[in-house]
Amino acid sequence: MKLYLIRHPRPDVKKGLCYGDMDVPLADGWEKEAQALKNALSIGFDGELNACFHSPLSRAARLAERISDGKSQVTEALKELDFGDWEGLCWQDIPKQEIELWADDIVHSAPYNGESLQVVADRVWQWWLLVKEAPMDNCVLVAHSGVIKVFVSMLCQWPLEQCHRIDVGFSSLTEFSVHGDFVMLKRLGAGDWVSSQ
């Protein structure tokens, strides 16, 4: 199976805003990037061997619906990390000591009364263990930076506490080849090659 992880297009938000599971609109022009991704994937979703799944947040849902011709399945497990008290604040306005407390144990702590990275990892992985058993040629996930970084770390068996080092740009595409328990990373966070087509 080919597994594609796609991050949503750039949202229309103030620079530096913390917007984890907050629903925010897409910036103008996102449709052009969506068409480039659809062309690059060139996957039809009419049969059972190709599937598309997406986060319920509109910035991912709109892209997924566009690239799958309305055949994508909403998937709660793919929702972005919940930043709780920090949602809607600018990062510069969040007390530095709270951010430092989080950074001290980025995997398990959630000083913002939201989710930890481990909670996101657990929900994404539990969902994946069920989905990967279905016979598929192509599996497309449209989600968020945090979800993709965590998922890539788990698939590659990289330390979760280092997932922040993975660069996942807006409208980027990460590709894996999955055969049972054998997983090969083919392309990580590619964006420029897609939007230039």
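Tryptophan 86 is buried in this predicted model, with a relative accessibility of just 1%. Its ring has a partner in tryptophan 102: the two centres lie 5.6 Å apart and the planes meet at 80°, so the pair is edge-to-face. Tryptophan 86 sits in the loop between β3 (73-74) and α3 (96-104), whereas tryptophan 102 belongs to helix α3, so the pair ties together parts that are 16 residues apart in sequence. Tryptophan 102 also counts as buried, at 14% relative accessibility.

A second edge-to-face pair is formed by phenylalanine 83 and tryptophan 91, with 5.4 Å from centre to centre and 85° between the planes. Here the two partners fall into separate classes of accessibility: phenylalanine 83 is buried at 11%, while tryptophan 91, with a relative accessible area of 29%, is partly exposed. Both pairs can be placed in a wider setting, as ring pairs link Phe83, Trp86, Trp91, Trp102 and Tyr112 into a cluster. Across the whole structure, the search finds twelve aromatic pairs.

Attention now turns to the helices. Helix α1 (residues 30-41) packs with helix α2 (residues 58-67) at an angle of about 45°, and their axes are 9 Å apart. This angle makes α1 oblique to α2, and the crossing of the two helices is right-handed. On the α1 side, the contact is made by Trp30, Glu31, Ala34, Leu37, Lys38 and Leu41, and these meet Arg62, Leu63, Arg66 and Ile67 of α2. Sorted by character, the residues of this contact comprise six nonpolar and four charged, with no polar ones.

Definitions and conventions:
Residues numbered from 1 in each chain as written. Predicted model: local features only at pLDDT ≥ 70, side-chain atom pairs only at ≥ 80, totals over all residues. Heavy atoms only, no water. Axes fitted to C-alpha atoms, helices over the stretch in contact; angles between N-to-C directions. Helix = DSSP H or I, 4+ residues; strand = E, 2+ residues; numbered from the N terminus. Parallel < 35°, antiparallel > 145°, perpendicular 65-115°, else oblique. Left-handed = near helix turned anticlockwise from the far one by under 90°. Contact = heavy atoms within 4.5 Å. Nonpolar A, V, L, I, M, F, W, Y, C, P; charged D, E, K, R; others polar. Phe/Tyr/Trp six-rings, centres within 6.5 Å; stacked < 30°, edge-to-face > 60°. Buried < 20%, exposed > 50% of the residue type's maximum accessible area, 1.4 Å probe, protein only.
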